[in-house]
Amino acid sequence: MLRAPSTKANRPQTGVDSLDHELAGEMAASLGRAGREAEAALARLAAHEGEGSERAGLLRAAADAVYAYFIQRELCGLKRHDDVVRQLAIPRAVLVRLGAR
């Protein structure tokens, strides 16, 4: 559960404060979903053995999920992705496909 910042606790909460709190919660939830989707797509790719059209589809799905996660991170103000690339062990084959259609 997301709490309102303690600096605002000394004054009455306005409608704008409530909206900011609600938006922050939605941003956090969306970021979490995007991260889980990226992890799942990367896991499916890592579990696949072999080459061919199935692997190409898994690469595309992983690149799309990672790209969506990076966009969501940037919308939340997190501009650097180096740590995430290392933490999720995102393969170069996925990174080179980010944003490409």
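Visitor: Which residues form a nonpolar patch on the surface?

Guide: Welcome! This is a predicted model, and one member of the patch, Tyr67, sits in helix H2 (residues 53-75). Tyr67 has a relative accessible area of 39%, so it counts as partly exposed. The patch has about 290 Å² of accessible area together, and its members are Tyr67, Ile71 and Leu75.

Visitor: How many helices and strands are there in the protein chain?

Guide: Let's walk along the chain from the N terminus: the elements run α-α-α-α. That order fits the count for the protein chain, 4 helices and 0 strands.

Visitor: What separates Asp83 and Arg86 in helix H3?

Guide: Good one to look for in the structure! The side chains of Asp83 and Arg86 meet in a salt bridge, 2.6 Å from N to O, and both residues are exposed. They lie 3 residues apart in helix H3 (residues 82-88), which means that the separation is about one helical turn.

Visitor: Is Glu51 buried or exposed?

Guide: Glu51 forms a salt bridge with Arg55, with the closest N and O atoms 3.9 Å apart. Arg55 has 21% relative accessibility, so it counts as partly exposed. The cut-off for exposed is over 50%. Glu51 has a relative accessible area of 68%, so this residue is exposed.

Visitor: How many salt bridges does the structure hold?

Guide: We have already met Glu51 with Arg55 and Asp83 with Arg86. Another joins the side chains of Asp82 and Arg80, at 3.1 Å from N to O. The total for the structure is 4.

How values were computed
Residues are numbered from 1 along each chain as its sequence is written. This is a predicted model: local features need pLDDT of at least 70, side-chain atom pairs count only at pLDDT 80 or more; totals for chains, interfaces and linings use all residues. Side-chain values use heavy atoms; hydrogens and water are left out. Patches are made of residues with over 30% relative accessible area and no salt bridge: like charges are joined within 9 Å, nonpolar side chains (Val, Leu, Ile, Met, Phe, Trp, Tyr) within 5 Å. Accessible areas come from the Shrake-Rupley method with a 1.4 Å probe; for residues, only the protein chains shown count as cover. Helices (H or I, at least four residues) and strands (E, at least two) are DSSP runs, numbered from the N terminus. Buried means under 20% relative accessible area, exposed over 50%, partly exposed in between (1.4 Å probe, protein chains only).
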